[in-house]
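Here are my notes for you, written as numbered points. Keep the structure open beside them and look up each spot as you go.

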Amino acid sequence: MRSGDPVIGTSTHTVGRESWTTAALGCVPVVRWCAALFQTVRTTLREIFDENAYDRYLQRTREARSVESYREFMREREAGLAKCPRCC
Amino acid sequence: MRIAKILIWLGIAALGALALATIAWSRKESISALWLVTAALCSYALGYRFYSKFVAAKVLALDAMRATPAERLENGRDFVRTNKWVVFGHHFAAIAGPGPLLGPVLAAQFGYLPGTLWIIVGAVFAGCVQDFVILLFSVRRDGKSLGQMARDEIGKTAGVVSFVAVISIIIVLLAVVALVIVNALRSSPWGAFTIGMTIPIALLMGVYLRYVRPGRVMEASALGFLLVVLGIFGGQWVSHSSAASFFTLGVTTLAVLIIAYSFAASALPVWLLLAPRDYLSTFVKLGTIAILVVGIILVHPHLQMPALTRFVDGTGPVFAGNLFPFAFITIACGAISGFHSLISSGTTPKLIACEKQTRMVGYGAMLAESFVGIMAVIAACTLLPGTYFAVNSGPGMVGGSPAAAVATISQWGFPVTMNDMNAMADAVGEKTLFFRTGGAPAFALGMAKIFSDSLGGKAVMAIWYHFAIMFEALFILTVLDAGTRVGRFMLQDALGHIWKPLGRTSWYPSIVACSALMVGAWGYFLWQGIRDPLGGINSLWPLFGICNQLLAAVALCVATTIIVKMGRARYMWVTLGPLGWLVAVTFTASWHKIFNPNPLIGFLAHAHQIAGGPATADLQRRIFNDRLDAAVAGLLVVLVTVIVIESVVQWVSVISGRKKAACNETPFVPTQYAEEAL
């Protein structure tokens, strides 16, 4: 993922899949629109569920997905998660 | 093209006016819920298209060329430029909790009209504006929190007041939502089993996420959701088995278990329980809200509750107090909620890629939340009024027994029979539905009715009811464990100024002590609620509403001060109007809760009334509780008065020219993404 992309929060994996979808289905506007909608919903859910944050962590630290890297990611994120207010 | 646009907007305005007129003037016959949906959607469309655009252009002067903190301070952790739809979803998931579901259900005792109008008008002119302006002002200040902005823009006292207001609101909020869950699970083996199962499921998800498939949160959440659904069916089986008595719990046992659980959740590592539960709750929340919207639109039920009930005079059995001001503090989150200002000045401003997106995220997400509130009004008002009052009234308000409650409620003109209530309880797999105060069971009944009408029929009503209870309880438990933890961090921050080791968030004695303090504080109010013969909600929900709306008043003081300091005093009415309204509402409500001579409303009058009884330890405790509640309401009013006065002094100084109009914005830096912005 290029730093400064307008859609931050997509992993390289997702961007790859998006390109494939667009290429394969791009000729039909409605299908293309649906594919874009699906991608946005998927990215939103990945952001809400911190999957993108973990991907960004892996990119930043150049680590591989593993028990150890996830433990470090959670440790780094612990204070933020614990302080994150949730409305009534 | 231009004429076509004008015609479309005129059509939307006309349709909205027709829908509002229909819900406002229908008295004799029940109306379709679709009128409420139409009125809300048309008002939201007009509010977003015209009012928010006016605020964005004239008041805030949004500048697409200004770099946001997500661009300038990007670090891949907190500050990340993010797609606007993604931020919208993230923000909505954070602001949507049980509040917009429970408040409107409780306020339905006045009829469907007051709640609906307040949710629509309050959101468009107050709640959305608050969320929008606070988000933008935080974006222009490197993502600073509300407390920091209050200190920088108004003064040091304002910073202290907002800290006290936030701590108070968290304590009262946690107590009141814990009370709701206790009332929902009381004597309900099915519910207790299902909710109990969510704890090992969350622990299992924590272990799965950490050791089995690291970071695959959506996968783990889907798995957790499936297990929760199995738990619902398991609960049905348990409720008919010999284990039913083990899960049939009284209010005291439930309160102790919830307090112990929250203490553990606050002290345990975040990955084990808090994070997985948060993910699971969000997963269920987004899915269920979407299903509820679709269900209501498909079924478009008729409302059984009248537009206005006799209880607008303040004699309501759900909570005592007149329509003004109590309807406006009972419904907070669907119309305006001070708590939102914490989120608008928390995570969200650090994700905004372009200033112009604050309109869609801040104003738009609050409109979506308001729509959830409308869904809750519909769910409550589709119940027969007699059933609604039998479920939602405390024993002290309608007589101590089900038979007395039936007689009292029928006498009010809302017919209900023991047979009706027993049949309803049977249909949803409960032993009784009498005196289930707090709003959650009534909402679950309404939701189950709508769901079963659209999918599965009466045969699956019990499953839908317990699904709804599980959905609300999951929300509430997440608020409880995350809220206790947030409160613990705030306490540690504050106590660290007195003795440094107490401020260390990794020092275990401090973790345990501050968790115990936090749990003890809200646990005290919870205990008070479960021992209250009037049902607890009668005292605690108004107190919570007052705290929440006073926090909104603090946020609007900050917003108005910044608008004045920006040199745009001629537009200060945009935030001053909602501020004036909230001050009138909360100060009047506080006055009534403290000094009203009716013991059902005034804390001091209630203390005075029961003081005449035999002097027992229990009586002394109840008198002390009433005085404590009065003191909390009084203290908050005094603190907010200080902040309002301090703000007014600032406004007068700037407007009269005695002080230079300058605010503490981060200096302008041009964005590197000008092409995108244009």
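1. Let's start with chain A. Reading along its sequence, you meet the pattern α-α-α-α. That fits the tally for chain A, which has 4 helices and 0 strands. Of its 88 residues, 30% count as buried. As for how chain A folds back on itself, take the contacts between residues at least 6 apart in sequence: 37% of them join residues at least 24 apart.

2. Before you go further, remember that this is a predicted model. It scores ipTM 0.76 and pTM 0.90. Chain B has a mean pLDDT of 91, and 100% of its residues reach 70 or more. Which elements of chain B mark the lowest and the highest mean pLDDT? The lowest, 75, belongs to helix α28 (residues 674-677) of chain B, and the highest, 98, to helix α6 (residues 112-139) of chain B. Here's a habit to pick up: where pLDDT is low, don't read the predicted coordinates in detail.

3. Now see where the two chains meet. On one side there are 48 residues of chain B, in contact with 34 residues of chain A. Several helices of chain B give two or more residues to this side, among them α8 (156-185), α9 (189-212) and α22 (461-495) of chain B. The largest share, 7 residues, comes from α4(B). Sorted by class, the side of chain B that touches chain A has 27 nonpolar, 16 polar and 5 charged residues.

4. Next, a pair of helices to look at inside chain B. When two helices pack, we describe them by the angle between their axes and the distance between the axes. For helix α7 (residues 146-153) of chain B and α8(B), the axes come within 6 Å and cross at roughly 160°. That angle is over 145 degrees, so α7(B) and α8(B) are roughly antiparallel to each other. Their crossing is right-handed. If you want to click on the residues involved, α7(B) brings Leu146(B), Gly147(B), Ala150(B) and Arg151(B), while α8(B) brings Lys156(B), Ala158(B), Gly159(B), Ser162(B) and Phe163(B). By class, this contact has 4 nonpolar, 3 polar and 2 charged residues.

5. Follow the chain on from α8(B) and stop at Ser187(B), which sits in the loop between α8 and α9 of chain B. Ser187(B) is not a glycine, yet its phi is positive, at about 50°. Is Ser187(B) buried or exposed, or somewhere in between? It has 16 C-beta neighbours inside 10 Å, so it counts as partly exposed.

6. Compare that with Phe435(B), another residue other than glycine with a positive phi, here near 60°. Phe435(B) is also in a loop, the one between α20 (418-427) and α21 (440-454) of chain B. Because it has 22 C-beta neighbours inside 10 Å, Phe435(B) counts as buried.

7. Now go to α6(B), the helix with the highest mean pLDDT among the elements of chain B. Val124(B) is in this helix. Why does Val124(B) count as buried? It has 24 C-beta neighbours inside 10 Å, and 20 or more is enough. Setting aside neighbours within four places in sequence, Val124(B) is in contact with Ser43(B), Tyr44(B), Gly47(B) and Tyr51(B). Gly47(B) makes a nice example of what folding does to distances: Val124(B) and Gly47(B) are 77 residues apart in sequence, but 5.7 Å apart in space, C-alpha to C-alpha.

8. The helix α6(B) also packs against helix α14 (residues 323-330) of chain B, at an angle of about 60° and with the axes 10 Å apart. α6(B) and α14(B) are therefore oblique to each other. This crossing is right-handed. Pro114(B), Gly115(B) and Trp118(B) of α6(B) make the contact with Leu323(B), Ala327(B) and Phe328(B) of α14(B). By class, the contact has 5 nonpolar, 1 polar and no charged residues.

9. One last stop, in α14(B). Which peptide bond here is cis? The bond from Phe324(B) to Pro325(B) is, with omega near 10°. Pro325(B) has its place in helix α14 of chain B, so you can find it within the helix from the previous point.

Note on methods:
Residues are numbered from 1 along each chain as its sequence is written. Chains are lettered from A and ligands numbered from 1 in the order in which they are written. This is a predicted model: local features need pLDDT of at least 70, side-chain atom pairs count only at pLDDT 80 or more; totals for chains, interfaces and linings use all residues. pLDDT is the predictor's confidence in each residue, from 0 to 100. Two residues are in contact if their C-beta atoms, placed from the backbone, lie within 7 Å. Ala, Val, Leu, Ile, Met, Phe, Trp, Tyr, Cys and Pro count as nonpolar, Asp, Glu, Lys and Arg as charged, and the others, Gly among them, as polar. A residue is buried if 20 or more other C-beta atoms lie within 10 Å of its own, exposed if 12 or fewer, and partly exposed in between; C-beta atoms are placed from the backbone. Axes are lines fitted to C-alpha atoms, for helices over the stretch in contact, and angles run from 0 to 180 degrees between N-to-C directions. Angles under 35 degrees count as roughly parallel, over 145 as roughly antiparallel, 65 to 115 as roughly perpendicular and the rest as oblique. A crossing is left-handed if the near helix is turned anticlockwise from the far one by less than a right angle, and right-handed if clockwise.
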